[in-house]
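Colleague: Could you take one part of this model and walk me through it closely? I'd like the helix packing and the spaces around it in one go.

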Amino acid sequence: MTPLQPLLLTPLADLATLALADFATQCGAKLAAGERLVTLFGRPAAATDAPGVLLTAVFQPAGAALTLLRGHGLPGSHYPSLATSFPAAQIFERELWEQTGLVPQGHPWLKPVRFEGARQEHLTDYRFFKVRGAEVHEVAVGPIHASVIEPGHFRFMCHGEQVHHLEIQLGYQHRGVEGLLLQRPAWRLTPLVESICGDSAVAYAWAHCAALEALAGQPPSPAVAMSRAIALELERVAMHVATLNGMATDIAFLQGAATYGRLRTAIINASQRACGNRFGRGWLRPGTASPVTDALRQDLLQTLNAFAPHFAEVNQLMLSARSVAARLKGTGVLTTQAARELGVTGVTGRASGVALDARCQLPGAVYAAHPLPMLTEPGGDCWARMTQRMREVETSVAWLLQRLGDNALDLAALPAPLSMAPPPLGPNTLCISLIEGTRGPVLHALETDAQGALRHYKVQGPSLANWFGEAVAVRNNGISDFPICNKSFDFSYCGNDL
């Protein structure tokens, strides 16, 4: 049986374009049937299209391949908001309204996502939700934070020390990523893609490379795909350990803070020896990946075998310490129901009992041949998010040791990049590419015109849909618990502020 692919390649001629009302109705029907809304976005019509906005919605049915709907509307047109019945749609509808002018009638929280274009001048006009009461007070944190944290504003409505409401406002960076991706030749974009979210460079690069290869009809070899998977799991290990380090630091558990920091350094230094960069930049290019020579294989095996027992030891210290349990258990609870309704994905969703992992459900060739188990935690609190990361690291390390220890696996001689003699991209085609990164699914959507040039490039990180989950989780917690809640979620600011 052919494994389900984290890809959807569709000639535009095969897509029926629905009127806006019909598009919204069919999207609602899919959501009512239990399909997950992966993304919803729009683009201005091209010269060859009917005037207005073209819409794309991608869905993931349980146990089936990705599907999509295509729609059309005029800027300023109204459609019944999906978010009134399906809260997971709220952030997509807000982004769609901000970028195209299509209005989701009845949306409960219609506010800008990134303050794009002329909206940048009105950032201070943002209307925060207010909780009224004589003893209610507001606490504002950010947008400028200490150290290297990206800009973001957190507005707390508190009664005494208890948080009643948190509103998170992002959109301070205005990098114009998607516009930049249309200004260079498609085959030369990977270095730019790797910089969209620096601690997820491998996941973003793989989604990008897979989309280009599909559009060019040049699927990567099994050896290339395996090298990419090794890079991705090393990235997952390093970044989960970085989050564990941050959590230990925030609760002043010094044994964990020191040891997790040391262990993360060992992994990212191994990535540097593999590709020349500690964060995996340069490991992937369209059509190829860094070779894993016998010497590098032994290097990675030695690093991982040294890492595993120390990681297990520090985990046991964290799990057995009463002070850690007192700070993390029952703190920042995001229930399974809330996570499902809000569309929370990735490691955060799995720590709330939501079994979503593209490596298991859309495995492609590599993860179908060498599967990983679906891991979840039921608690949904900071403790569950810590435990989930520990388990995922242990599973990824075991998977890497098995792959790297397979002497029949030859990854030493890999092909040259396709950019050396770039093949043409298929014309008038839409490609959706999905890779399960450290935080969750990274989506790239590429659409070509009649000449095979990129007409539209959509990027979506997992934090876009997940930030609201943190706002819900901190309700009824003490405000002093927010730093550890924020660290346990470990969302991306820059991956949201495109």
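Modeller: Sure, here is a walk around helix α6, followed by the pocket and cavities. Keep in mind that this is a predicted model.

Start with the helix itself and its partner α7. α6 covers residues 222-250 and α7 covers 254-275. The two pack at an angle of about 160°, and their axes are 8 Å apart. An angle over 145 degrees counts as roughly antiparallel, so α6 is roughly antiparallel to α7. The crossing of this pair is left-handed. On the α6 side, the residues in contact include Leu234, Val237, Ala238, Val241 and Leu244. On the α7 side, Gly256, Tyr260, Leu263, Ile267 and Ser271 are among them. By class, that contact has 13 nonpolar, five polar and one charged residues. Arg264 of α7 is one of the residues that meet α6.

Have a look at the connection as well. Ala252 sits in the loop between α6 and α7. Its phi is near 60°, a positive value in a residue other than glycine.

Now for another neighbour of α6. Helix α14, residues 382-404, has an axis that comes within 9 Å of that of α6, and the two cross at roughly 150°. That makes α6 roughly antiparallel to α14, and this crossing is left-handed. From α6, the contact takes in Met226, Ala229, Ile230, Glu233 and Arg236, among others. From α14, Met386, Arg389, Glu392, Trp399 and Arg403 are among the residues that answer them. The contact of α6 with α14 has 16 nonpolar, three polar and five charged residues. Leu234, Val237, Val241 and Leu244 are worth finding on screen: they are among the α6 residues that meet α14, and they are also among those that meet α7.

Next, the open space. The largest pocket holds about 1,000 Å³. It is lined by 31 residues, and those nearest its centre are Val148, Ile149, Asp199, Lys487 and Asp490. The elements that give two or more residues to this lining are α6, α7 and α16, the last being residues 482-489. α6 gives the most, with seven residues. The lining of the pocket divides into 14 nonpolar, 10 polar and seven charged residues.

The same pair of helices turns up again in an enclosed space. The second largest cavity has a volume of about 80 Å³. Of the 13 residues that line it, Glu235, Ser271, Arg278, Phe279 and Gly280 lie nearest its centre. α6 and α7 each supply at least two of the lining residues, and α6 gives the most, with five. By class, this lining has nine nonpolar, two polar and two charged residues. Ser271 is a nice link here, as this residue of α7 also meets α6 in the helix contact.

From the pocket, α16 takes us to one more helix pair. The axes of α15 and α16 come within 11 Å and cross at roughly 150°. That makes α15 roughly antiparallel to α16, with a right-handed crossing. Trp467, Gly469, Glu470 and Ala473 of α15 make the contact with Phe482, Cys485, Asn486 and Phe489 of α16. The residues there divide into five nonpolar, two polar and one charged.

α15 then leads to the largest cavity. There are six cavities of 30 Å³ or more in the model, and the largest has about 280 Å³ of space. It is lined by 21 residues, with Ile91, Arg94, Ile168, Trp467 and Phe468 closest to its centre. Trp467 is the one to click on, since it also takes part in the contact of α15 with α16. The elements that give two or more residues to this lining are α2 (90-100), β10 (162-169) and α15 (463-473). By class, the lining has 14 nonpolar, four polar and three charged residues.

One last backbone detail, away from the helices. The peptide bond from Gly142 to Pro143 is cis, with omega near 15°. Pro143 lies in the loop between β8 (136-141) and β9 (153-159).

Definitions and conventions: Residues are numbered from 1 along each chain as its sequence is written. This is a predicted model: local features need pLDDT of at least 70, side-chain atom pairs count only at pLDDT 80 or more; totals for chains, interfaces and linings use all residues. Side-chain values use heavy atoms; hydrogens and water are left out. On a 1 Å grid over the protein atoms alone, a cavity is a set of points where a 1.4 Å probe fits but cannot get out, and a pocket is an open set with protein on both sides within 12 Å along at least five of seven lines; lining residues have an atom within 4 Å of a point. Grid points are joined across faces, edges and corners, and a volume is the space filled by probe spheres set on the points. Helices (H or I, at least four residues) and strands (E, at least two) are DSSP runs, numbered from the N terminus. Ala, Val, Leu, Ile, Met, Phe, Trp, Tyr, Cys and Pro count as nonpolar, Asp, Glu, Lys and Arg as charged, and the others, Gly among them, as polar. Axes are lines fitted to C-alpha atoms, for helices over the stretch in contact, and angles run from 0 to 180 degrees between N-to-C directions. Angles under 35 degrees count as roughly parallel, over 145 as roughly antiparallel, 65 to 115 as roughly perpendicular and the rest as oblique. A crossing is left-handed if the near helix is turned anticlockwise from the far one by less than a right angle, and right-handed if clockwise. Contact means heavy atoms within 4.5 Å.
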